[in-house]
Structures are given as C-alpha cells and as structure tokens.
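Subject: Structure for you to look at

Hello,

Please find the structure below, with the sequence next to it. My notes on what was found follow after it.

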Amino acid sequence: MKAKKEIMTDLKFCKELMNRLVEYTDKSYNDNFSWGSNHTVIQSDIIRLRRELMAVSHKLDQQEGE
C-alpha cells in the first residue's frame, strides 16, 4: 500500500507541474505567435515533467515485477 501512496504523491506532483506549465504558457503567449525567449523555459518545464513521469513509470514497472 505504501507504493500506491508514493505513486499517487508523485502523480499529484506531476499534475502540479503540468498546471504550472499551462499557467505560465497562457501568461507568456501573445496573439501574434511571438514566444520570444519563453519557449526555452517552456521546453525545460516539459523535459522536467517527462522525467518525473518516467520515474513514475519505472516505479509502476517495479510493482509489476514484485
């Protein structure tokens, strides 16, 4: 049961990262499609989110092996 709790905590963290990414993108985006230098911040956030999700995926794989 501890593993489920840990995975749920990790997924909630990923959800928070995603919400922050959406909010930041919404604030940074303007109607003339000019991202300026903000695209690198957004890309970095996406990379971090992918890493966090991959960690959750590995934990799920470990649970299947037990």
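His39 is found in helix α2. The model is a predicted one, and that applies to every value in this message. His39 has a relative accessible area of 35%, which means that this residue counts as partly exposed. Along the sequence, His39 and Tyr29 are 10 residues apart. In space, their C-alpha atoms are 9.5 Å apart.

Now the overall picture. The protein has 2 helices and 0 strands. Of its 66 residues, 12% are buried. About 5600 Å² of the protein is exposed, and carbon and sulfur atoms supply 55% of that area.

Helix α1 covers residues 2–28. It has 27 residues, and the distance from its first C-alpha to its last is 39 Å. That is close to the span expected at 1.5 Å a residue, which is 39 Å. Which residues in α1 are buried? They are Ile7, Cys14, Leu17, Leu21 and Ser28.

Leu11 also lies in helix α1. Its relative accessibility is 35%, so Leu11 counts as partly exposed. Together with Met8 and Leu53, Leu11 makes a nonpolar surface patch of about 240 Å².

Helix α2 covers residues 38–65. Besides His39, the residues found there include Arg50 and Leu60. Is Arg50 buried or exposed? Arg50 counts as exposed, because its relative accessibility is 57% and the cut-off for exposed is over 50%. Leu60, in contrast, is partly exposed, with a relative accessible area of 40%.

Both of these residues can be paired with a residue that comes earlier in the sequence. Arg50 and Cys14 are 36 residues apart in sequence, while their C-alpha atoms are 8.9 Å apart in space. Cys14 is one of the buried residues of α1. Leu60 and Ala3 are 57 residues apart in sequence, and from C-alpha to C-alpha they are 8.9 Å apart. When you open the model, these pairs are a good place to compare sequence and space.

Next, the salt bridges. How many salt bridges does a search of the whole structure find? It finds 4. I describe some of them here.

Glu6 forms a salt bridge with Lys59. The closest N and O atoms of this pair are 2.8 Å apart. Glu6 is in helix α1 and Lys59 is in helix α2, so the pair links distant parts of the chain, 53 residues apart. Glu6 counts as partly exposed because its relative accessibility is 38%. Lys59 is partly exposed as well, with a relative accessible area of 24%.

Asp10 forms a salt bridge with Lys59 too, and here the closest N and O atoms are 2.4 Å apart. Why does this pair tie together parts that are 49 residues apart in sequence? Because Asp10 lies in helix α1 and Lys59 in helix α2. Glu6, Asp10 and Lys59 are thus linked in a network of salt bridges.

Another salt bridge is formed by Arg48 and Glu52, with 3.9 Å between the closest N and O atoms. A salt bridge here needs the atoms to be within 4 Å, and 3.9 Å meets that cut-off. Arg48 and Glu52 are 4 residues apart in helix α2, so about one helical turn separates them. Arg48 counts as partly exposed, at 41% relative accessibility. Glu52 is partly exposed too, with a relative accessible area of 26%.

To go through the model yourself, you could begin with Lys59, which has salt bridges to Glu6 and Asp10. After that, look at the patch made by Met8, Leu11 and Leu53.

Regards

Terms used:
Residues numbered from 1 in each chain as written. Predicted model: local features only at pLDDT ≥ 70, side-chain atom pairs only at ≥ 80, totals over all residues. Heavy atoms only, no water. Buried < 20%, exposed > 50% of the residue type's maximum accessible area, 1.4 Å probe, protein only. Areas by Shrake-Rupley, 256 points an atom, 1.4 Å probe, with all protein chains shown as cover. Patch = residues over 30% accessible without salt bridge, like charges linked within 9 Å, V, L, I, M, F, W, Y side chains within 5 Å. Salt bridge = Lys/Arg side-chain N within 4 Å of Asp/Glu carboxyl O. Expected span 1.5 Å × (residues − 1).
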